[in-house]
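Welcome! Here are some short exercises to work through with the model open beside you. Take them one at a time and try each before reading its solution.

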Amino acid sequence: MLLAQAVLWPVAIPLATAALAACCWQRLAAQRAISAAGVLLMFAATLLLLWQVRAEGVQAVQFGGWAAPFGVSFVADRFSAAMAAITGLMAFATWLFGQADIRRREERAGFHPLFHGMLAGVNGAFLTGDIFNLYVWFEVMLITAMGLLVIGRTRAQLDGVLKYAVLNLFSTLIFLMAVALLYGVAGTLNMADLAVVLPQAGPSLTLTISALLLLCGFGIKAGYFPLFFWLPASYHTASITVAAIFAGLLTKVGVYACFRVFTLIFTVEGSGLREILAVMAACTMLFGVFGAAVQWDVRRILSFHIVSQIGYMLLGLAVATPAALAGGIFYIIHHIVVKANLFLLAGAIHRASGTFDLRQSGGLMRRSPLLAALFLVPALSLGGIPPLSGFWAKFMVIDASFRGGQGWLAAVALVTGILTLYSMTKIWMEAFWKDPLMPRPTARAVPAPMLAAIALLAAVTVAIGLQAEPFVAYAQSAAQALVDPSDYIAAVLGAVPAEGGAMAEPRP
Amino acid sequence: MELILALSIGVLGGSGVWLLMRPRTFQLIIGLSLLSYAVNLFIFSMGRFPVGRPPVLEPGTAGDPAQYADPLPQALVLTAIVIGFATTALFLVVMLAARGLTGGDHVDGRRQDH
């Protein structure tokens, strides 16, 4: 039971945690205990799932005893299992950081139920095998994310959430239209079944429109080039724990959905999508990095860098060779760890210097050398300095785009890398190196849980960098499974009836 | 019947998009609602469009698919309506809070932020 349903636990545990925590609304101590247990259990469940997928291949569970394609499928292949595991790690790290960052006022406003509800949405989106369910998980994520964004009830947050909510609601409507069109053509919503049915239906205008709508819908979620403006307008207003998990996970759910849909249901190869994706990838990288260059608020710089880094992942999808997809997957994993860590560091910088504005801060090198050392790891990794994880990620996507005949994309990626380094140098110079303008009364020492969370993620970054081989091999096999989804399809559609009718049989 | 459905989807969608371009939060929320009605009708129209046919089979018969409406889009629309209702309600609360804090209903709230 425990192992057979391993796909469900990463979704079920945070949902149950959110419900339990909501039941103890008035008792903060109970909420904290439930939240801690939920985070640890979910982390364990995602690791279990990862281990199981590595050992036994694609895992699929049909909900409610109806065989696919009629029931709702939950599927974990190597890609989604890795995404779920990294979600578990992020939940643990931000929870640890939150021990020192989340205020009682925010807890009273329902931080714990919302946090776990969002995690359930993220994991649900990674593990669902049904495209309409993907919409539902997107909405779960959106509703809880809206709550988390305004949890401090400040003017800036309400201003940010308006943009966030309107554009994300709009994107889910577009996505829903695409789903409707797919259903109209194929008569099914199960993604594995769609992958079987659509090639028989042949290309048509309806399908092209559906693909473009999906690209727009996911593009708004992920922050692709013409659609990213809501992201830097809202992320910096959230409290730092929330901003870190948003920066790490939420946009990547959009990227994940793109990778899934444009390998399993549609193909980039030979459909004319490649040119669109390539231009979008290049513009996403450049606009993000230039946007960051003119900012002085650490959180705004980092928000723009989310956008530019998303471009690298999209580059992997645009080139769409197995090597490029492997690079994209490796990039997503590396980026989630590094970017969330940088946001956590921004929170620590704020704690230590009393401000997010780089012009006002300074002198942290002398005051907290440990923080300075910890900052260097994700910052250099984001810039792509060997031997950290970012180097391998950039190397994989850039090498793949040269080999895939998209040399100009590789050139854009290299230029973006240099400009990224410029932004990181700016944060380093201003916050750590230069002497502070004046001693700030609000500056305090950085508490231990914050440092522990940052050190944990930095250690993961270093570990991926120094021991890159197993990660690269995993990404390559995950990409291979994306290019040739026959295992995925067989696991969803084929294996269940073959196992015997026990699950599909109607119960008396 | 098809024409009426197509026209209503078009009018709802068009009005929704136009309202989304407006600078006041109340117009935004109405725009989003209209747009979601348009999308819901659109989903509904995807399961063919038989008039006056039941979506549920008679008990004990296999049934001829041509004689029945496709129940799945109806279920999807129902789900979408429920979710849309929840998000609209939540958005309305956020909007009212923003109105209270900023004293205006302009989407940019406090102008000249940073």
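A polar contact is a pair of N or O atoms within 3.5 Å, where, within protein, one atom must be able to donate a hydrogen and the other to accept it. Keep in mind that this is a predicted model.

**Exercise 1.** Find how many residue pairs are in polar contact between chain B and chain A.

*Solution.* Start with the count: one residue pair is in polar contact between chain B and chain A, with both residues at pLDDT 80 or more. Next, look for salt bridges across this interface; the rule finds zero. Then turn to the area: the two chains bury about 2800 Å² between them, and 82% of it lies on carbon and sulfur atoms.

**Exercise 2.** Work out which elements of chain B give two or more residues to the side that touches chain A.

*Solution.* They are helix H2 (25–46) and helix H3 (71–102) of chain B. H3(B) supplies the largest share, 15 residues. Now sort this side of chain B by class: 21 residues are nonpolar, seven polar and four charged. To finish, count the contacts: 32 residues of chain B meet 29 residues of chain A.

**Exercise 3.** Decide whether chain B is more spread out than a compact globule, or not.

*Solution.* First list the secondary structure of chain B: three helices and zero strands, in the order α-α-α from the N terminus. The radius of gyration of chain B is 19 Å, well over the 13 Å from the globule rule for 114 residues, so chain B is more spread out than a compact globule. Its C-alpha atoms fill a box of roughly 65 × 30 × 20 Å along the principal axes. Lastly, buried residues make up 32% of the 114 residues in chain B.

Technical notes:
Residues numbered from 1 in each chain as written. Chains lettered and ligands numbered in written order. Predicted model: local features only at pLDDT ≥ 70, side-chain atom pairs only at ≥ 80, totals over all residues. Heavy atoms only, no water. Contact = heavy atoms within 4.5 Å. Buried area = accessible area lost by both parts, 1.4 Å probe. Salt bridge = Lys/Arg side-chain N within 4 Å of Asp/Glu carboxyl O. Polar contact = N/O pair within 3.5 Å; in protein donor to acceptor, adjacent residues only side chain to side chain. Helix = DSSP H or I, 4+ residues; strand = E, 2+ residues; numbered from the N terminus. Nonpolar A, V, L, I, M, F, W, Y, C, P; charged D, E, K, R; others polar. Rg over C-alpha atoms; globule rule 2.2 N^0.38 Å. Buried < 20%, exposed > 50% of the residue type's maximum accessible area, 1.4 Å probe, protein only.
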